[in-house]
Amino acid sequence: MGLLNNSITNESDEFACARVRNSGESIEVIAVKKVGNGYGTFRDCKDISRDVDDAQTAMGLARETVRLPWMFTANSERVEETIAELEIIRGQRQFQNWDNQPWLRGAPVIVFDENNSCRLSKYRVTYSEKSGIVCTESSEEEGGS
């Protein structure tokens, strides 16, 4: 029933917009990986945290956008909790210079550790090129990343 599986010319604009509206909320974040004392992309694994003032670096970071899985947007309360937690991450000192770049200004960020894992809300979030983002419930004793 995907929008791309149907001929757009046979459907009205209202019908197409309704399909998009009914797809549910989503949260997209820029995914970075901890590299040394800074962060980098999953592709390069080199610290680019001091290079964000460069427009090409910022544009490359903006390409690292991923959509969080449904459990972070299951209901309005979950969306608010997730956004609040992402705002705390985004407010960290290492991301302050993002506001100087149009590509990154206001963009939420999620930071994975050296093992491609992090904790967001009550979930352990893991990233792999093969599976994408995989979430499992984490225990309360587990430390946050």
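Here are some exercises on the structure above, each with a worked solution.

This is a predicted model, in which local features need pLDDT of at least 70, side-chain atom pairs count only at pLDDT 80 or more, and totals for chains, interfaces and linings use all residues. Residues are numbered from 1 along each chain as its sequence is written, and side-chain values use heavy atoms, with hydrogens and water left out.

**Exercise 1. Find the overall layout.**

Task: work out how many helices and strands the protein has.

Solution. Begin with the DSSP runs: helices are H or I runs of at least four residues, strands are E runs of at least two, and both are numbered from the N terminus. This gives three helices and seven strands. Next, read them from the N terminus on: α-β-β-α-β-α-β-β-β-β. Then turn to burial, where buried means under 20% relative accessible area, exposed over 50% and partly exposed in between, with a 1.4 Å probe and protein chains only. Of the 145 residues, 41% count as buried.

**Exercise 2. Assemble the open sheet.**

Task: find the order in which three strands form an open sheet.

Solution. Two strands pair if DSSP finds at least two bridges between them. The order is 5-6-7, with antiparallel pairing. Strand 5 (117-120) and strand 7 (132-137) are the edges, each pairing on one side only. Now check the joins. Strand 5 is linked to strand 6 by four bridges, and S117 stands opposite T126 in strand 6. Strand 6 (residues 123-128) pairs with strand 7 over six bridges; here Y123 has E137 of strand 7 as its bridge partner. Finally, look at the hairpin of strand 5 and strand 6: two residues lie between the strands, and S121 takes a positive phi near 60°.

**Exercise 3. Inspect both faces of strand 5.**

Task: decide which residues of strand 5 are buried on each side.

Solution. Start from a general point: in a regular strand the side chains alternate between the two faces of the sheet. In strand 5, S117 and R119 lie on one side, C118 and L120 on the other, and all are buried.

**Exercise 4. Test the cysteines.**

Task: determine how many disulfides a search of the whole structure finds.

Solution. The criterion is a pair of cysteine sulfur atoms within 2.5 Å. The search finds zero. For C118, the nearest cysteine sulfur is that of C135, 8.2 Å away. As for burial, C118 counts as buried because its relative accessibility is 1%. C135 also counts as buried, because its relative accessibility is 17%.

**Exercise 5. Trace the nonpolar core.**

Task: identify the residues with the most contacts inside the largest nonpolar core.

Solution. Such a core is a set of buried Ala, Val, Leu, Ile, Met, Phe, Trp, Tyr and Cys residues joined through side-chain atoms within 4.5 Å. The largest one has 33 residues, and V32, L61, W98 and V125 have the most contacts inside it. Now take V125, using contact to mean heavy atoms within 4.5 Å. Leaving aside neighbours within four places in sequence, its partners include F72, F112, C118, I133 and C135.

**Exercise 6. Look at two helices.**

Task: find which residues of helix 2 (residues 55-62) are buried, and what covers them.

Solution. The buried residues are T57, A58, G60, L61 and A62. Their cover includes strand 1 (28-35), strand 2 (38-40) and strand 3 (65-67). For comparison, go to R78 in helix 3 (residues 76-90). R78 is buried, with a relative accessible area of 13%. Not counting residues up to four places away in sequence, R78 touches M71, F72, T73, S121 and K122.
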